[in-house]
Amino acid sequence: MKKIVNVMKSKTYQIPSLIFNNYKKLKISEKELIILIYVYNNQDKEYNPKNISNDLSLKVNTVLESINSLEEKGLLEIQVYDNHDIRETKINLDLLYEKCAYAQFRCETATKN
C-alpha cells in the first residue's frame, strides 16, 4: 500500500483518451491496458520486463505474456538497437497509435452518416 501511495505522490500517469476509450474495441485486457499506460508514460520506452513487473506488482511471466499478446495483436513492437556497442531493447507504440486513430476515424465517420 505504501508503494502505491509513493508512486501516486511521485508521478502523475497520463492516459490518452483514444487508448482509454478504445481498449475494448482493440480487445485489450485490463492488465494489458495497465502495461500500455506504464509504457506510454515511460520516457525512454525501455523494455525491461523485470522493472515493469516490480513497478506494477505483477509477476514477470504476466508481463511477458501481456507484452507478447499486445505484440501479436499488432499493437506494439519490440525493437532492438545497438547504441555504441550496447544493445538496447525498446517498445514502439506507433502501431497502437495508428489503430486508435483508425478506430476514432471510423467512429467519427459512422456518426456523420
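A residue counts as buried when its relative accessible area is under 20%. By that criterion, 30% of the 113 residues of the chain are buried in this predicted model. The chain has six helices and two strands, and their order along the sequence is α-α-α-α-α-β-β-α. Among contacts with a separation of 6 or more, 53% join residues that are 24 or more positions apart.

**Packing of helices α4 and α5**

- Helix α4 covers residues 49-56 and helix α5 covers residues 60-72; the two pack at an angle of about 115°, and their axes are 8 Å apart.
- That angle makes α4 roughly perpendicular to α5, because angles of 65 to 115 degrees fall in the perpendicular class.
- The crossing in which α4 passes α5 is right-handed.
- From α4, the residues Pro49, Lys50, Ile52 and Ser53 take part in the contact, and they meet Val60, Val63 and Leu64 of α5.
- By character, the residues of this contact comprise five nonpolar, one polar and one charged.

**Salt bridges**

- Three salt bridges are found in a search of the whole structure.
- Lys24 and Glu30 are joined through their side chains in a salt bridge, with an N to O distance of 3.5 Å.
- Within this pair, Lys24 is exposed at a relative accessible area of 58%, whereas Glu30 is partly exposed at 47%.
- A salt bridge also joins Glu32 and Lys73, where the closest N and O atoms are 2.8 Å apart.
- The Glu32 and Lys73 pair links distant parts of the chain, 41 residues apart: Glu32 belongs to helix α3 (residues 30-41), while Lys73 lies in the loop between α5 and β1 (77-83).
- Glu32 is buried, with a relative accessible area of 5%, and its partner Lys73 is partly exposed, with a value of 28%.
- Glu88 pairs with Lys90 in a salt bridge whose closest N and O atoms are 3.9 Å apart.
- The relative accessible area of Glu88 is 26%, so this residue counts as partly exposed; Lys90 is likewise partly exposed, at 22%.

**Positive phi values**

- Most residues other than glycine have a negative phi.
- Lys27 has a positive phi, near 60°, and is a residue other than glycine.
- The position of Lys27 is in the loop between α2 (17-22) and α3, and Lys27 counts as exposed at 65% relative accessibility.
- His84, also a residue other than glycine, has a positive phi near 55°.
- The loop between β1 and β2 (86-92) holds His84, which is exposed with a relative accessible area of 72%.

**Leu26 and its surroundings**

- Leu26 is located in the loop between α2 and α3.
- With a relative accessibility of 15%, Leu26 counts as buried, because this value is under 20%.
- Beyond its neighbours within four places in sequence, Leu26 is in contact with Lys73, Leu75, Leu96, Lys99 and Cys100.
- One of these residues, Lys99, is 73 residues away from Leu26 along the chain, and the C-alpha atoms of the two are separated by 8.0 Å.
- Lys73, which contacts Leu26, is also the salt-bridge partner of Glu32.
- The loop between α2 and α3 thus contains both Leu26, which is buried, and Lys27, which is exposed.

**Ser69 in helix α5**

- Ser69 is a residue of helix α5.
- At 19% relative accessibility, Ser69 counts as buried, because the value is under the 20% limit.
- Ser69 and Ser29 stand 40 residues apart in sequence, with a C-alpha to C-alpha distance of 9.8 Å.

Methods: Residues are numbered from 1 along each chain as its sequence is written. This is a predicted model: local features need pLDDT of at least 70, side-chain atom pairs count only at pLDDT 80 or more; totals for chains, interfaces and linings use all residues. Side-chain values use heavy atoms; hydrogens and water are left out. Axes are lines fitted to C-alpha atoms, for helices over the stretch in contact, and angles run from 0 to 180 degrees between N-to-C directions. Helices (H or I, at least four residues) and strands (E, at least two) are DSSP runs, numbered from the N terminus. Angles under 35 degrees count as roughly parallel, over 145 as roughly antiparallel, 65 to 115 as roughly perpendicular and the rest as oblique. A crossing is left-handed if the near helix is turned anticlockwise from the far one by less than a right angle, and right-handed if clockwise. Contact means heavy atoms within 4.5 Å. Ala, Val, Leu, Ile, Met, Phe, Trp, Tyr, Cys and Pro count as nonpolar, Asp, Glu, Lys and Arg as charged, and the others, Gly among them, as polar. A salt bridge is a side-chain nitrogen of Lys or Arg within 4 Å of a carboxyl oxygen of Asp or Glu. Buried means under 20% relative accessible area, exposed over 50%, partly exposed in between (1.4 Å probe, protein chains only).
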